[in-house]
Amino acid sequence: MAPMPSLASLEYNPDHGGLSYRGVSADEVERSTSPAAIRLFVPDVPGMDAGAISAPGIHRLQERFQHLCQDLQAQASVDWSVDAATTQYLLWNGDSPRRLTRVRRAESLRDLEVFRNFLAHGAEADELLIAVTNAGSHELFADLVRALAATLFAPGWDSAVVAQPAVVQISPEESARARSLALRDELLTRNWPTSTQVARLLGSQAANAAQYAAKKRTERKLFGVWSLKDNTYVHPDFQFDIQHQLHPAMPRLLAALAAVPGMSDADDQGGWRRAFWLYGANPLLSERALGTGESDLARSAADVFRTDPEVVIALADKEAARNPNVDW
Amino acid sequence: MSTGNRLDLVATDWMATGLYYRVHPTLHPVRSGELLSPLEANPASTARLAIRGDHSLGVAPRAMFYVATSPAAALFEALFRSPQMYPGRRVVVPRQRLQGMTLSTVRLLSSEPYVPLMKPDRGLVVHDAAKDAAWQWVVNTPNHADTHAAAIDVAVQFSSTIGYGGVARMLPGFGYPSVQCSSDSVFLQYDPPMRAAAWAVAKSVNLATEDGYRAVLLALADAGFAPVQQPVMMESHDFDPPTGAI
């Protein structure tokens, strides 16, 4: 496989109140971010370490961004809008932006492959890639660009950047933590129902929907994750059937997960460790591993649970009973 | 009961001398309070191709010594065997699994034999397409218990072959490709006949420490993965609710 190029990236996220520069691999480009964020990429020095960005990479980003602003003013007809579940990748090639692909998260793997192949084989030194996450409309995108410009060229930005060494190294711990937050945000874009919505879906007449859902969670009949941005719990969709009723095996699954080290209710109050476990692809859940088919494609517990909850519960039991002394 | 000859030719290749990596407990699992030597084989292993013994076939249990050609391959083989993966080669690092474990760099001082199961070297010992496909499954399946019968079969096949000095040969070990790090290999040496004197310890890092965690992150990144921190509670309440929230 051809080595993926190193890219310098600039990410502006108004929710988090600022922009960040970092080096990314092409593999990371499709990492989704919070709603209403834009990310810019230019090819950087090949072979950079993870998280590293070169000073020329930073300056090229700034230079190209100025061109983007000019282009945006000149070409208001470009459709920057994307719907809420879509990331749009655009290539700005010096003349005008053209759309590479729009990716509806977790659905258009073929589109992602096209995009990644482009990065691997097509990116030229002066190209600027723009990933637009949930911009929603041309106006919102323009607002984002203005806000980014205000941050990018605020008094002191120049000295702040120039004062940095030639390579700005993001620690591996910071990178891993940033990916963790991004994964959380990515999962939250699935629009899982809030406590109020869950109470309605389950036909509750309770006056306090939040307490109704909290009671269900305490009873381990319902699984929720804490959404910082919404300031409430939301409830992953894998546990509901098509009639929006809770899967009857949920209490056993939650009991099994509670026995996994680090995933007890006390250790995982926000539910995110369990959510990462449930939504990550696991090779032990491939059709071939389960003896149900020929595919080696790893599947997530969330994907398998509705049709085969016993397999997922057994996997959680196995994880809980894991003996590290027999694995090495 | 196992079946038939898994190999078309009883033969071995030689491991290259140099650095390898392995993951093992920090403390000895049996001798309380004692540090485990990075060169100690594991008699309790149930990992891929472990020989748990089969009295009916005259195969005694053996201890297992796994090493890999990269730190990431060693981590995946012994610690993150069924990792939670997300698109973009993101892999969630379950930090509690690092507790009590050590990543050691060990040096092979003199070549040791192994049965090659990586391609194209597998062609040395397997010519039949059906057998080749069976081995492909053995080196890929995440259910390691399902691979033990194959190891016993090969042990029997070796022991029925006369080697130098007119004594029965003993299966020395296997080499196979890492499932997650396809350009790396994993080698398994059985003890016996493993020669501990062929190995030396270069360095070790306790994975439960900050240095160990960083070593894991760097190893995964070097192998082209994007490690994801497992959510940590009370970290600016990014992942967990404030007190009293419902």
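Two residues count as in contact here if their C-beta atoms, placed from the backbone, lie within 7 Å. By that yardstick, in this predicted model, the meeting of the two chains draws 46 residues from chain B and 39 residues from chain A. On the side of chain B that touches chain A, the elements giving two or more residues are strands β2 (18-25), β4 (85-86), β5 (90-93) and β11 (226-229), plus helix α4 (210-222). Sorted by type, that side of chain B comes out at 26 nonpolar, 14 polar and 6 charged residues.

Staying with chain B, helix α1 (residues 71-78) has 8 of its 8 residues buried, so it is largely enclosed by the rest of the structure. The buried set runs through B:P71, B:A72, B:A73, B:A74, B:L75, B:F76, B:E77 and B:A78. As for what does the covering, β2, β3 (63-68), β6 (101-108), β9 (185-191) and α4 of chain B are included. Two of these names, β2 and α4, also turn up on the side that touches chain A.

Over in chain A, there is a helix pair to look at. The axes of α8 (residues 250-258) and α12 (residues 309-320) come within 8 Å and cross at roughly 15°. With angles under 35 degrees counting as roughly parallel, α8(A) and α12(A) are therefore roughly parallel to each other. Their crossing is left-handed. On the α8(A) side the contact is made by A:R252, A:L253, A:A256 and A:L257, while α12(A) puts in A:P309, A:V312, A:I313, A:A316, A:D317 and A:A320. That splits into 8 nonpolar and 2 charged residues, with no polar ones.

Methods
Residues are numbered from 1 along each chain as its sequence is written. Chains are lettered from A and ligands numbered from 1 in the order in which they are written. This is a predicted model: local features need pLDDT of at least 70, side-chain atom pairs count only at pLDDT 80 or more; totals for chains, interfaces and linings use all residues. Axes are lines fitted to C-alpha atoms, for helices over the stretch in contact, and angles run from 0 to 180 degrees between N-to-C directions. Helices (H or I, at least four residues) and strands (E, at least two) are DSSP runs, numbered from the N terminus. Angles under 35 degrees count as roughly parallel, over 145 as roughly antiparallel, 65 to 115 as roughly perpendicular and the rest as oblique. A crossing is left-handed if the near helix is turned anticlockwise from the far one by less than a right angle, and right-handed if clockwise. Ala, Val, Leu, Ile, Met, Phe, Trp, Tyr, Cys and Pro count as nonpolar, Asp, Glu, Lys and Arg as charged, and the others, Gly among them, as polar. A residue is buried if 20 or more other C-beta atoms lie within 10 Å of its own, exposed if 12 or fewer, and partly exposed in between; C-beta atoms are placed from the backbone.
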